[in-house]
Amino acid sequence: MGTSLEELKTGDRVRVQGGRNFEKFHGGMEGTILENSVDSRNMRVQFDDAATAGPEPLTVAYRHLEFAPERGGYRAGQAPQVAGAEGGAKPNSQAPKEPQGPLLEEHGDFRTRQLVQLGGLQSAAAQELNGRLARLRRYDPAGERWEVDVRNGLGIKRLKEENLTAPPKPQVPSGLQVAELKERGNKAFLEQAYEEAIAYYAAALELLEDDETTPPEAEDPKYTAVLYSNRAQVYITLCREVHGEEKQVSKEARMYAMRANMDSAKAIDLDPTFGKAYYRRGCAVLGMAPSASRAKEAIHCLEIALSGRASGGKDGIVLPNAMRHEVSNLMDYAKRRLDACVEAAVPDVEQCRENCRQQ
């Protein structure tokens, strides 16, 4: 099994996956990790190609990166060498050809953005994908393959429908206490088993809000706030995963953003000093369709988060020092989003907050 991105440390090397093409980074570019934010699933990377990326480090989402233990392991336009192919010998098999015609969003029982489980792959190189979860992107009718974005930073693969199945529904064992459910939810999130994480957090919240059982954790509203905030982070991650490289916000991505918005708002209601919850609400609002009112609301939430300190800042807001850079980066993005939005009338911030609550 390959090294997961969550395991990488400052100083490790990463590479932009093939097929990515952005203004400041593209497939094949390599760089050094300056900071690995497992919670937000992104990294600050100092790229070697300063002419393209610029002199400053860039924050890049996990889904664009892969571990690069050796320099120069990828070059755009070069196929990897096949064992036994030297001296003109023909390889035994070939990788599927790149798509030549238009790609489809639906085919058979499958559709773009759908979550699937991979299986039945026989080659030595592909067997580690069996059992993995992936998100469908586009179907190539000429090659009869789906482009699938595999979790755990394994990148885009092109697979036949016979290797795709619906993932099993997460099962939560009975008899677990609130703390155990929370711990299992946290572990599932780190393992990118997001659907399991949601199931565990939901079960924990159900116990906390059950008037008949009343576990001891129910006495502390901050404990419940953490669970809502944790589940909000899972929804934010799923929103980003579903959105992928699409220019428009799909209804699936918007649904996850709205759920994250509701959970983070609930966390703030339970603990108004919870800086991380304000940050996650800012993320959630920005995950919806762009508008000036949402950008303004996100800025408001992020300003509150940034007013916090590890030991409690203004109004008692608590924000870990390790998150300040991350929150500041999102604040810059929210301001750019606001500048890019054009609306006939921008509601004031109080009206913005009320609008977001009602969605």
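1. Two strands are taken to pair if DSSP finds at least two bridges between them. With that in hand, here are some notes on what is a predicted model. In the sheet that holds strand 8 and strand 12, Leu-118 stands opposite Leu-164 in strand 12. Gln-117 likewise has a partner in strand 12, standing opposite Thr-165. Strand 8, which covers residues 115-118, and strand 12 pair in the antiparallel sense over two bridges.

2. Let's widen the view to the whole of that sheet. It is open, with five strands in the order 11-10-9-8-12 and antiparallel pairing. Strand 11 (155-159) and strand 12 (164-165) are the edge strands, each pairing on one side only. On the other side of strand 8 you will find strand 9: the order of the sheet puts strand 8 between strand 9 and strand 12. Strand 8 and strand 9 are joined in the antiparallel sense over three bridges, and Leu-115 stands opposite Arg-135 in strand 9.

3. A helix belongs in this picture too. Strand 8 pairs with strand 12 over two bridges, and helix 4 (residues 221-243) packs on the sheet, where it touches strand 8 and strand 9 (133-140). The direction of helix 4 makes about 20° with that of strand 9.

4. Now for another sheet. This open sheet has five strands as well, ordered 4-3-2-1-5, and its pairing is antiparallel. Its edges are strand 4 (58-61) and strand 5 (65-67), each of which pairs on one side only. From one strand to the next, the twist averages 50°. Within this sheet, strand 2 and strand 3 pair in the antiparallel sense over six bridges, and Ser-37 has Asn-42 in strand 3 as its bridge partner.

5. A salt bridge is worth a look here. The model has 16 salt bridges. One of them links Glu-6 with Arg-41, with the closest N and O atoms 2.8 Å apart. Glu-6 lies in the segment before strand 1 (13-16) and Arg-41 in the loop between strand 2 (30-37) and strand 3 (42-47), so the pair ties together parts that are 35 residues apart in sequence.

6. Next, a pair of helices. The axes of helix 2 (residues 178-190) and helix 3 (residues 194-208) come within 8 Å and cross at roughly 160°. Angles over 145 degrees count as roughly antiparallel, and helix 2 is therefore roughly antiparallel to helix 3. Their crossing is left-handed. Among the residues that meet are Val-178, Leu-181 and Phe-189 in helix 2, and Tyr-194, Tyr-200 and Leu-207 in helix 3. By class, the contact of helix 2 with helix 3 has twelve nonpolar, two polar and three charged residues.

7. Another helix pair rounds off the note. Helix 7 (residues 292-306) packs with helix 8 (residues 324-340) at an angle of about 155°, their axes being 9 Å apart. Helix 7 is therefore roughly antiparallel to helix 8. The crossing of helix 7 and helix 8 is left-handed. Helix 7 brings residues including Ala-292, Ile-299, Leu-302 and Glu-303 to the contact, while helix 8 brings others, including Arg-324, Val-327, Met-331 and Lys-335. The residues of the contact of helix 7 with helix 8 divide into twelve nonpolar, one polar and four charged.

Methods. Residues numbered from 1 in each chain as written. Predicted model: local features only at pLDDT ≥ 70, side-chain atom pairs only at ≥ 80, totals over all residues. Heavy atoms only, no water. Axes fitted to C-alpha atoms, helices over the stretch in contact; angles between N-to-C directions. Helix = DSSP H or I, 4+ residues; strand = E, 2+ residues; numbered from the N terminus. Parallel < 35°, antiparallel > 145°, perpendicular 65-115°, else oblique. Left-handed = near helix turned anticlockwise from the far one by under 90°. Contact = heavy atoms within 4.5 Å. Nonpolar A, V, L, I, M, F, W, Y, C, P; charged D, E, K, R; others polar. Salt bridge = Lys/Arg side-chain N within 4 Å of Asp/Glu carboxyl O.
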